[in-house]
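Me: I would like a close look at one part of the predicted model shown below. Please describe its sheet in a single connected account, and state the cut-offs as they arise.

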Amino acid sequence: MSKAKLFPGEIDAIDRKILDLLVENARISITEMSEIVGLSKTPCTLRLQRLISDGYIDGFRAVLNPKKLGLDHVAFAEVKLSDTKEAALNAFNSAVRKIKEVEECHMIAGRFDYLIKIRTADIRRYREVLGEKISSLPNVASTSTSVAMESIKEGGR
């Protein structure tokens, strides 16, 4: 293992292993993490702090079980805007962030402008969200919906 000093913002294989461990289990102890990556606790802690301060780790959060919470209906809305100038995009982006049922929103290069993942209790509630919230967003010209029949993989890696 090289003892060379990393440049600011640079990560190595040990840092990547720490990131992989955290993705799998963000509650892993420093003791366990240090054993797995082959460092003592202090250097492992320093690396973790650096990864956080350098922005490689945005935060830590609980991953909730949507089925247990009665939110296992997933739909994807394709959204076409009537205006795609920067001000229109900014207005849409700002407004869509405020809708709690929107789990993800991505600007798309293709036949529509945005793909939105929406999680609700059922199709009735999705219809309400689409009609009252999504369709009312700034500059929305049209939407098209696909409903997920089963989620095979969610939440990252």
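Reply: The account below goes from the conventions to the strands, and then to what packs on them.

The model is predicted: local features require pLDDT of at least 70, side-chain atom pairs count only at pLDDT 80 or more, and totals for chains, interfaces and linings use all residues. Residues are numbered from 1 along each chain as its sequence is written, and side-chain values rest on heavy atoms, with hydrogens and water left out.

Four strands form an open sheet in the order β2-β3-β1-β4, and the pairing is antiparallel. Strands are DSSP runs of E with at least two residues, helices are runs of H or I with at least four, and both are numbered from the N terminus. Two strands count as paired if DSSP finds at least two bridges between them. The edge positions belong to β2 and β4; each has a single partner strand, so one side of each lacks a neighbour in the sheet. Ignoring direction, neighbouring strands of this sheet are turned by 20° against each other on average. Such angles are taken between N-to-C directions and run from 0 to 180 degrees, with axes fitted as lines to C-alpha atoms, for helices over the stretch in contact.

Strand β1 comprises residues 73-81. It is mostly covered, since seven of its nine residues are buried, where buried means under 20% relative accessible area, exposed over 50%, and partly exposed in between (1.4 Å probe, protein chains only). With β4, β1 pairs in the antiparallel sense over seven bridges; valine 79 stands opposite threonine 143 in β4. The pairing of β1 with β3 is likewise antiparallel, over seven bridges. Histidine 73 faces threonine 120 in β3 as its opposite residue, and lysine 117 in β3 is the bridge partner of phenylalanine 76.

Helix α4 packs on this sheet, where it touches β1, β2, β3 and β4, and its direction makes about 15° with that of β3. Contact here means heavy atoms within 4.5 Å. Within α4 (residues 86-96), the buried residues are Ala88, Leu89, Phe92, Asn93, Ala95 and Val96. An α-helix has 3.6 residues a turn, so residues three or four places apart point the same way. The buried residues of α4 pack against β1, β2 (102-107), β3 (114-120) and β4 (140-147). A further helix, α5 (residues 123-134), lies across β1, β2, β3 and β4 and runs at about 135° to β3.

Two further residues bear on the strands. Cysteine 105, whose number falls within the range 102-107 of β2, is partly exposed, with a relative accessible area of 28%. Glutamate 150 lies in the segment after β4 and counts as exposed, because its relative accessibility is 62%. Glutamate 150 and valine 74 are 76 residues apart in sequence, yet their C-alpha atoms are 8.6 Å apart in space.
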